[in-house]
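User: I would like to learn how the words used for a protein model are justified. Could you show me the sequence and the structure, so that I can ask about them?

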Amino acid sequence: MADEHSNPEVEQLNWYHGPITRHHAEALLMSNGVDGSYLLRDSATSKGEYSLSCRCADSVKHFQIGRDGDQQYTFGMGKFSSLSEFVQHFENKPLIGGESGVLTLLKYPYPRDVDEPSTYEKVRVHAEWGKNRASTENSAEGHVHSFASKEGYLTKLGGTIKNWKTRWFVLIKNELKYYKSKGDKEPIRSLDLEECHEVAKEDSVGKANCFRIVMPSRTFYCFANSSQEAEEWIKMLQWKLENLSSSNKRLSTVR
């Protein structure tokens, strides 16, 4: 028996993500989206209605989309015969992000089916709640599975003193940070992947499971405890670089 709330028009949209949570949507858009990326999900509070989650700079805004008796989509005082009409309207006229007053244009639909790495790690989600941006870092709800994020120990070659030291690496969004130990609050260094030229396997330094991260001012050499772990880091970082390149091309086209 078909679900009484199923909607064929919505289900065929490649940016409809079904019953994912608010935090899951935030993790996807903050980890891999850009300003103006958006997705549609089921409303957590009203059956048969939807929530539009849209990335706006460094936060994610959520907008409720209802249905009226004529089966039109309602948003505030506006009515739309289809979600495509709704999106077309707000591609040119910005949404206003609640009390914050931030303006948001719908630019990039975030697809449900993404060519993503096979490795999933937990990330910490930072959500904006009303006027105040509250960190969910210590909340159980703040930990969700999101692709393109990873953490773990790697051993790196020093830049000045050429010795090998084990450090705790964390990859979130477009930054790769490393710390002296797991649990440290301040990183030793943070690498902006938008500046990264290359990530590739490295065989010239005499270490197994080694790879290089080529930055403008320095090449970082790291090795993992196993070939599988090294391969996961390489694939994850390369996937990040490919997505950054694609995003920059889209943005340059818009400009």
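User: Is Trp 233 buried or exposed, and how do you know that?

Analyst: Trp 233 has a relative accessible area of 0%, and buried means under 20%, exposed over 50% and partly exposed in between, judged with a 1.4 Å probe on protein chains only, so Trp 233 is called buried. Please keep in mind that this is a predicted model, in which local features need pLDDT of at least 70 and side-chain atom pairs count only at pLDDT 80 or more, while totals for chains, interfaces and linings use all residues. Residues are numbered from 1 along each chain as its sequence is written, and side-chain values use heavy atoms, with hydrogens and water left out.

User: What makes Phe 169 and Trp 233 a pair, and which kind of pair is it?

Analyst: Rings of Phe, Tyr and Trp (for Trp, the six-membered ring) pair if their centres lie within 6.5 Å, and the planes are then called stacked under 30 degrees apart, edge-to-face over 60 and tilted for the rest. The centres of Phe 169 and Trp 233 are 6.5 Å apart and their planes stand at 70°, so the pair is edge-to-face. The two residues belong to distant parts of the chain, since Phe 169 is in strand 14 (residues 164-172) and Trp 233 in helix 4 (residues 227-254), 64 residues apart; helices (H or I, at least four residues) and strands (E, at least two) are DSSP runs, numbered from the N terminus. Phe 169 is buried as well, with a relative accessible area of 2%.

User: What values describe the pair of Phe 75 and Phe 86?

Analyst: By the same ring rule, which gives 10 aromatic pairs, Phe 75 and Phe 86 are edge-to-face, with 5.4 Å from centre to centre and 70° between the planes. Phe 75 lies in strand 4 and Phe 86 in helix 3, so this pair ties together parts that are 11 residues apart in sequence. Phe 75, at 18% relative accessibility, counts as buried, and Phe 86 counts as buried at 1%. Both also belong to a cluster in which ring pairs link Phe 63, Phe 75, Phe 80 and Phe 86.

User: Which strands stand at the edges of the sheet that contains strand 5, and why are they called edges?

Analyst: That sheet is open and has 6 strands in the order 5-4-3-2-1-8, with mixed pairing, where two strands pair if DSSP finds at least two bridges between them. Strand 5 (78-80) and strand 8 (108-109) each have a single partner strand, so one side of each is left without a neighbour in the sheet.

User: How do you know that strand 2 and strand 3 pair, and in which sense do they run?

Analyst: Strand 2 (residues 50-56) and strand 3 (residues 59-67) are joined by 7 bridges and run antiparallel, and with at least two bridges required, they count as paired. Among the bridge partners, Arg 55 is matched with Val 60 in strand 3, and Ser 53 with His 62. Strand 1 is likewise antiparallel to strand 2, with 5 bridges, and there Tyr 38 stands opposite Cys 54.

User: Why is strand 2 described as largely enclosed?

Analyst: Since 7 of the 7 residues of strand 2 are buried, the strand is largely enclosed by the rest of the structure. Both of its faces are covered, with Tyr 50, Leu 52, Cys 54 and Cys 56 buried on one side and Ser 51, Ser 53 and Arg 55 buried on the other.

User: How many disulfides are there by this rule?

Analyst: A disulfide is a pair of cysteine sulfur atoms within 2.5 Å, and the count by this rule comes to 0. Cys 56, for example, is in no disulfide, as the nearest cysteine sulfur, that of Cys 54, is 6.8 Å away.

User: What makes Asn 209 stand out in its phi?

Analyst: Most residues other than glycine have a negative phi, whereas Asn 209 has a positive phi of about 60° although it is not a glycine. Asn 209 is found in the loop between strand 17 and strand 18, and at 26% relative accessibility it counts as partly exposed.
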